[in-house]
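Trainee: Could you take me slowly through one part of this model, the place where the two chains meet, and then relate it to what surrounds it? I would like a connected account rather than a list.

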Amino acid sequence: MEYLNTFIKSIFIENMIFAYFLGMCSYLAVSKTVKTAMGLGVAVIFVLGATVPLNYLIENYLMKAGALAWLGPQFAAVDLSFLSFIMFIAVVASFTQLVEMAVEKFAPALYSQLGIFLPLIAVNCSILGGALFMQERQYSDVGMATIFALGSGVGWALAIVAIAAIREKLRYSNVPAPLRGLGITFIITGLMAIAFMSFMGISL
Amino acid sequence: MSAVAEAPVAAKESEPLFSKKNRKLLSDPFNDSNPITVQVLGICSALAITVQVKQAVVMALSVTVVTAFSNLIMSMIRNFVPNRIRIIVQLVVVAALVILVDQTLKAFVYDVSKQLSVFVGLIITNCIVMGRIEAFALANRPWPSFIDGIGNGLGYGFILFIVAVFREFFGSGKFWGIQLIPQAVYDMGYVNNGLVILPPMALIVVGTIIWVQRSRNTKLIEN
């Protein structure tokens, strides 16, 4: 039940885009058509769902104050938490590289669809943001962290597909010239965020 | 061959530190090539930490420092880094600088650093930093790259400042934590606009800034 609650919460209430604005750059750049938006969304779900648990294990068994105690009592006082940024980004960057190579080798069809987006994901704020939120919120176990990561990914994918669908229709409407493109996208995202705020307070 | 290629570079050495070109690097990001409203870089943090002016200023300074120094460092080592691994090298340089900034903030302005929470760490993936390294520092000499970093950091800070002033004034009637709207106005029935503090309003304010900027500067209009 607690898992389900975290899942719903990270999709709707603590949505990566509408509540924290993470991953805005690719959200704005790759939301011109629904098809590509869907591709990027799936890639983000996958990478988030894999890197956050990985970072959770690193954080709790290597970096935190006293996390190295399992090596022996003399390591109990070691605190490497100041290294966490560099560690997280290294995990994210190397993981995306790995996924890219694996997908290219084993699923060339998927690669040609996703190919361009995979390297982009390394610098998508939502991935590193997921790791940093995981660190800040102190999830109780690795399952919880995974659920949070998958929920955030699904929420992000939902947001980018929704805005892509709106932008496809928007092409036929008469927007004031200075507002075209970026400006109107911002304002629509703002309105969508207001709509998403109605989920606030839901808990299962 | 290399001696020939070196010659014009050596001639450039005598260029004054703040030549016209370098000043342009500093002033362009405020309008024609603003990182947020024109290049669309670094939106995430711009929206999330503009509830109070103080946070926004601290964030803008942090980003300026990181952008300037990562540009400088990458520009200095650009000829030794193989192209294939440059992204990883950039990430390491940027992450190291961000750790320095984060530790400094924790030491001197602890309360602000707590409020900024994950967004200090997210400077690493702030597209401005990577974007300027890729677009400018890898093709230019260290000094112009440094200036370009400062210019873009300040251009980013400029938008942050406008949004934060607007949101703090209408959302809580303050500027830099100082009450601007007097109590008498509240007594007459004025209420702070709670919506301005919430995330959606940041998007709408930035959208409006883009609208205003593009109607003044028509060459930026998209079709």
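**The interface of chain A and chain B**

Mentor: Across the interface of chain A and chain B, the search finds zero residue pairs in polar contact, where both residues of a pair would have to reach pLDDT 80 or more. That threshold matters here, as this is a predicted model and side-chain atom pairs are counted only at that confidence. The search for salt bridges across the interface of chain A and chain B likewise returns zero.

The side of chain A that touches chain B draws at least two residues from each of helix H2 (24–29), helix H4 (84–106), helix H7 (125–137) and helix H9 (182–196) of chain A. Of these, H9(A) provides the largest share of that side, nine residues. Sorted by class, the side of chain A that touches chain B consists of 31 nonpolar, six polar and two charged residues.

The extent of the interface can be given in two ways. Counted by residues, 39 of chain A are in contact with 41 of chain B. Counted by area, about 3500 Å² is buried between chain A and chain B, and carbon and sulfur atoms give 85% of it. Within chain A, the residues that lose the most area to chain B are Phe21(A), Phe85(A) and Phe186(A), which together make up 20% of what that side buries.

Phe21(A) also appears when one looks from the other chain, at Ala48(B), a residue of helix H3 (residues 43–48) of chain B. Not counting residues up to four places away in sequence, Ala48(B) touches Tyr20(A) and Phe21(A) in the one chain and Phe119(B) in the other. The C-alpha atom of Ala48(B) is separated by 9.9 Å from that of Leu160(B), a residue 112 positions away along the chain.

It helps to set this interface against chain A as a whole, which has nine helices and zero strands, so that its pattern read along the sequence is α-α-α-α-α-α-α-α-α. Taken along the principal axes, the C-alpha atoms of chain A fill a box of roughly 70 × 45 × 30 Å. Of the 204 residues in chain A, 50% are buried, and the accessible surface of the chain comes to about 9100 Å², with 71% of that belonging to carbon and sulfur atoms. Among the contacts in chain A with a separation of 6 or more, 76% are between residues 24 or more positions apart.

Although salt bridges are not found across the interface of chain A and chain B, a search of the whole structure does find four of them over all chains. Side chains of opposite charge can pair when their charged atoms come close. In chain A, Lys9(A) and Glu14(A) meet in a salt bridge with an N to O distance of 4.0 Å, and Lys9(A) is partly exposed at a relative accessible area of 36%. Glu14(A) forms a further salt bridge with Arg137(A), whose closest N and O atoms are 3.4 Å apart. Because Glu14(A) lies in the loop between helix H1 (2–13) and H2 of chain A while Arg137(A) belongs to helix H7 of chain A, this pair ties together parts that are 123 residues apart in sequence. Arg137(A) counts as partly exposed, with 25% relative accessibility.

In chain B, Asp102(B) and Lys106(B) form a salt bridge in which the closest N and O atoms are 3.3 Å apart. Both residues lie in helix H5 (residues 86–108) of chain B, four residues apart, or about one turn of the helix. The two partners fall into separate accessibility classes, for Asp102(B) counts as buried at 8%, whereas Lys106(B) counts as partly exposed at 39%. Back in chain A, salt bridges that share partners join Lys9(A), Glu14(A) and Arg137(A) into one network.

A last stop within chain B is Thr64(B), which sits in helix H4 (residues 53–76) of that chain and counts as buried at 9% relative accessibility. The side chain of Thr64(B) reaches the backbone oxygen of Ala60(B) at 2.6 Å. Leaving aside neighbours within four places in sequence, the residues in contact with Thr64(B) are Gly149(B), Ile150(B), Gly153(B) and Leu154(B).

Methods
Residues numbered from 1 in each chain as written. Chains lettered and ligands numbered in written order. Heavy atoms only, no water. Contact = heavy atoms within 4.5 Å. Buried area = accessible area lost by both parts, 1.4 Å probe. Salt bridge = Lys/Arg side-chain N within 4 Å of Asp/Glu carboxyl O. Polar contact = N/O pair within 3.5 Å; in protein donor to acceptor, adjacent residues only side chain to side chain. Nonpolar A, V, L, I, M, F, W, Y, C, P; charged D, E, K, R; others polar. Buried < 20%, exposed > 50% of the residue type's maximum accessible area, 1.4 Å probe, protein only. Areas by Shrake-Rupley, 256 points an atom, 1.4 Å probe, with all protein chains shown as cover.
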